[in-house]
Amino acid sequence: MSTTVTALIAPSAGAGFERSTIERRDVGEHDVAIDIKFAGICHSDIHQAREEWGTAIFPMVPGHEIAGIVTEVGSAVTKHKVGDRVGIGCMVNSCGECENCLAGEEQFCLKGNVQTYNAREYSGEETYGGYSKSIVARENFVLSIPEGIELDEAAPLLCAGITTYSPLKHWGAGPGKKVAIVGMGGLGHMAVKIAHALGAEVTVLSQSLSKEEDGKKFGADHYYATADGSAFKALRGTFDLIINTVSADIPVDAYLGTLKLNGSLVFVGAPEKPQSFASFSLIGARRSLAGSNIGGIRETQEMLDFCAEHHIGAEIETLDASDPSAIDKAYDRVVKSDVRYRFVIDAATI
Ligand SMILES: [Zn+2]
Ligand SMILES: [Zn+2]
């Protein structure tokens with residue numbers, strides 16, 4: 001028993017997108033059916049559709065930045081009702097019993113959470129993501145999108161928003177704190193907006209000054225180009241926290257040197273190759289090198305409420321997917337950092 005739904009599929013690794021159909025399960029007692037309105041394009045969609053992160057499941061329907069409207073709820077659902085504005089991020093299930101799940105950190109579920117696409121439910125069925133007309137998901141993994149954010153600019157918050165909000169909160173970004181954001185792409189521009197709204201003094205460290213005007217508009221107080229290396233000398237011992245959003249190699253020691261006593265350099269971008277650093281870069285000022293991965297469901301809701309309260313949405317370019325090759329072209333542009341700042345697929349065109 002299932003429902004046939006139109007979707008944009010990647011038939012095999014790196015092949016062009018095609019319009020096809022997938023099956024969505026019937027709404028179970030704890031499930032919510034959602035009419036998808038918008039789906040963001042995350043860089044990790046590209047890595048997976050091109051099978052750059054290890055063996056992937058094909059055909060694939062990527063998309064873990066989903067915003068839409070509830071059309072049906074199961075008999076035991078209490079959290080959502082028909083007509084609600086909702087979202088789904090990177091996960092659609094977790095064990096719910098392990099230490100990390102019980103702490104609300106389902107992204108670190110010890111059994112392994114179920115990813116929204118390119119994954120399998122614990123029962124073995126493949127999961128398909130947001131590049132489709134509709135989805136059925138467990139109510140506990142469906143977030144409420146408050147009034148005050150449009151659904152299109154809310155969609156990217158479900159991954160890019162929480163990926164930056166969670167470490168900013170965990171490492172205490174706020175008034176009196178100097179926070180640097182490395183990179184001004186999909187993740188970086190959200191990090192700037194959120195860090196500013198949290199009350200921190202925000203500096204962008206980018207390859208060039210080409211996005212300086214935007215960065216300052218999003219709330220950056222300072223903006224430095226890093227390509228020639230002079231910024232690292234000028235900024236020695238400055239920051240309490242650095243969030244690295246880029247997935248290219250970085251000179252880790254140079255960045256560590258810009259941290260003050262007890263400062264932390266946190267990776268949310270994932271460079272393909274191992275990065276190296278000198279121990280003295282940490283020892284010299286009790287610095288930390290750390291990483292962070294999305295956020296739990298409770299914190300994702302907190303982020304959405306925070307963004308609505310502060311009128312923060314993603315800067316988006318809306319994509320018409322009537323011709324599915326529009327997705328392939330958008331992917332190429334994301335790889336070249338040629339988007340300001342997030343593509344969002346208009347699901348009405350799927
Ligand atoms: Zn993502
Ligand atoms: Zn768990």
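Colleague: What makes strand β10 and strand β11 a pair, and in which sense do they run?
Modeller: They share 5 bridges in the parallel sense, between residues 178-182 of β10 and residues 201-206 of β11. Pairing requires that DSSP find at least two bridges between two strands, so 5 bridges qualify. One bridge partner is Val204 in β11, matched with Ile181. This is a predicted model: local features need pLDDT of at least 70, side-chain atom pairs count only at pLDDT 80 or more, and totals for chains, interfaces and linings use all residues. Residues are numbered from 1 along each chain as its sequence is written, while chains are lettered from A and ligands numbered from 1 in the order in which they are written.

Colleague: Which strands form the open sheet, and in what order?
Modeller: The order of its 6 strands is β12-β11-β10-β13-β14-β15, with parallel pairing. β12 (222-225) and β15 (288-291) are the edges; each has a single partner strand, so one side of each lacks a neighbour in the sheet. On average, neighbouring strands are turned by 20° against each other, direction ignored. α5 packs on this sheet and touches β10, β11 and β13 (239-244). The direction of α5 makes about 165° with that of β10 (axes are lines fitted to C-alpha atoms, for helices over the stretch in contact, with angles from 0 to 180 degrees between N-to-C directions).

Colleague: How do you know how far α5 is enclosed?
Modeller: By counting: 12 of the 12 residues of α5 are buried, so the rest of the structure largely encloses this helix. Buried means 20 or more other C-beta atoms within 10 Å; exposed means 12 or fewer; partly exposed is in between, with C-beta atoms placed from the backbone. The buried residues of α5 include Leu187, His189, Met190 and Lys193.

Colleague: What span does α5 reach, and what is expected?
Modeller: α5 (residues 186-197) reaches 17 Å from first C-alpha to last, close to the expected 16 Å (1.5 Å times one less than the number of residues). Gly199 follows α5, with a positive phi near 100°.

Colleague: Why are α4 and α10 called roughly perpendicular?
Modeller: Their axes cross at roughly 100° and come within 10 Å. Under 35 degrees counts as roughly parallel, over 145 as roughly antiparallel, 65 to 115 as roughly perpendicular, the rest as oblique. The crossing is therefore roughly perpendicular. Gly161, Ile162, Tyr165 and Ser166 of α4 meet Glu299, Thr300, Met303 and Cys307 of α10 (a contact puts C-beta atoms, placed from the backbone, within 7 Å).

Colleague: What makes α4 mostly covered?
Modeller: In α4 (residues 160-170), 9 of 11 residues are buried. They pack against α5, β13, β14 (259-267), α10 (297-309) and β17 (342-346).

Colleague: Asn118 and His311 both have positive phi; which is buried and which exposed?
Modeller: Asn118 is buried, with 25 other C-beta atoms within 10 Å. His311 has 10 such neighbours, so it counts as exposed. Phi is near 55° for Asn118 and about 55° for His311. Asn118 sits in the loop between β7 (114-115) and β8 (134-138). His311 sits in the loop between α10 and β16 (316-319).

Colleague: How do you know what kind of peptide bond joins Phe58 and Pro59?
Modeller: From omega, about -5°: the bond is cis. Arg340 and Tyr341 are also joined by a cis bond, with omega about 0°.

Colleague: What makes the whole chain as compact as a globular protein of its length?
Modeller: Its radius of gyration is 20 Å, close to the 20 Å given by the globule rule for 350 residues, so the description fits (taken over C-alpha atoms; the rule is 2.2 Å times the number of residues to the power 0.38). The chain holds 11 helices and 17 strands (DSSP runs numbered from the N terminus: H or I of at least four residues, E of at least two).

Note on methods:
Contact = placed C-beta atoms within 7 Å.
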